[in-house]
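User: I'm new to this one and would like a close look at a single part of it. Could you walk me through the aromatic side chains that gather together, and then show me how they sit in the rest of the chain?

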Amino acid sequence: MNICITADDYGLMSSVNSAIEILAEEEKISAVSVMCHKDAILDTVHKLKNLNVAVGPHLVFVEGKPLLQKDKLKHLVDDKLQLPRNYWALFRKTILSPSLVEKIALEARCQIERYLSLGLKIHFVNSHQHVHLFPQIWRVIAPILKEYGCPTVRMCKKICFSLSRNDLLFLSSYASQKVSTASFDKCLSPIDILGSGKLSIHRVTKNIKDII
């Protein structure tokens, strides 16, 4: 089994970018996912082209501002043009208003186009808070990723059947893989999604052992 260490959220802030660039230069990470929403800070992104890491878009549909104007994203953004605050808020919106996923698809296309304009290749795709794993969103995202030649998509390995929010995300990933007609190589993530920003050596070791 090949283990890939990916640094997410490149573009979140300059300090995050600098830390990721150092890790990549020292070959301590395998891949970098790049945010390309409106607020993404990408002034040094060219450095990634010369480093030995895979790169891919980190699609942002929560916790940020979109590239599209408000009139194109009616009911998805608030008065300050902010996307839903987290994956749970986005999930509720798309369940109550299924047509919103088409607007998400438009935003995804804009973010991918911005990513490509930076001269970066698409080695894989994932998303902020893993919202691409929701079946209703995956249905519209998968054809776009295939169109842009994306070879690999981050999915989840651990499958649980409880009612916790974390396990519901894993179940969403499982459902998306089962119903998808588009085929991709899958980069399976063993780390629990709600552990973002709270990882420890113990948690990483425990989750990796679960899939070996």
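Analyst:
**The aromatic cluster**

Let's start with Phe 91, which is partly exposed, with a relative accessible area of 24%. Keep in mind that this is a predicted model. Trp 88 comes out much like that: at 22% relative accessibility, Trp 88 counts as partly exposed too. The cut-off for buried is under 20%, so neither 22% nor 24% qualifies.

Now for the company they keep. Tyr 87, Trp 88, Phe 91 and Phe 134 form one aromatic cluster. The structure holds 4 aromatic pairs. One of them joins Tyr 87 and Phe 134: their ring centres are 6.5 Å apart and the planes meet at 45 degrees, so this pair is tilted. Where do these two rings come from? Tyr 87 belongs to helix 2 (residues 87–96), while Phe 134 is in the loop between strand 4 (126–127) and helix 4 (135–147), so the pair ties together parts that are 47 residues apart in sequence. Tyr 87 and Phe 134 are both buried.

Trp 88 and Phe 91 make another aromatic pair, and this one is stacked, with 5.7 Å from centre to centre and 20 degrees between the planes. Trp 88 and Phe 91 are 3 residues apart in helix 2, so about one helical turn separates them. So the cluster has buried members, Tyr 87 and Phe 134, along with partly exposed ones, Trp 88 and Phe 91.

Stepping back to the whole chain, there are 6 helices and 6 strands. In sequence order they run β-α-β-β-α-α-β-α-β-α-β-α. Of the 212 residues, 46% are buried. Links across the sequence show up here as well: among contacts between residues at least 6 apart in sequence, 67% join residues at least 24 apart. The accessible surface comes to about 11000 Å², and 55% of that belongs to carbon and sulfur atoms.

For another helix to look at, try helix 1 (residues 14–25): its 12 residues should span 16 Å at 1.5 Å a residue, and the end C-alpha atoms are indeed 16 Å apart. Its buried residues are Asn 17, Ile 20, Glu 21 and Ala 24. They cover an arc of only 100 degrees around the axis, so they lie on the same side of helix 1. Strand 1 (6–10) and strand 2 (31–34) are among the parts that cover them. Right after helix 1 comes Glu 27, with a positive phi near 55 degrees.

Definitions and conventions. Residues are numbered from 1 along each chain as its sequence is written. This is a predicted model: local features need pLDDT of at least 70, side-chain atom pairs count only at pLDDT 80 or more; totals for chains, interfaces and linings use all residues. Side-chain values use heavy atoms; hydrogens and water are left out. Helices (H or I, at least four residues) and strands (E, at least two) are DSSP runs, numbered from the N terminus. Buried means under 20% relative accessible area, exposed over 50%, partly exposed in between (1.4 Å probe, protein chains only). Contact means heavy atoms within 4.5 Å. Accessible areas come from the Shrake-Rupley method with a 1.4 Å probe; for residues, only the protein chains shown count as cover. The expected span of a helix is 1.5 Å times one less than its number of residues. The arc is that of the directions from the helix axis to the C-beta atoms. Rings of Phe, Tyr and Trp (its six-membered ring) pair if their centres lie within 6.5 Å; planes under 30 degrees apart count as stacked, over 60 as edge-to-face and the rest as tilted.
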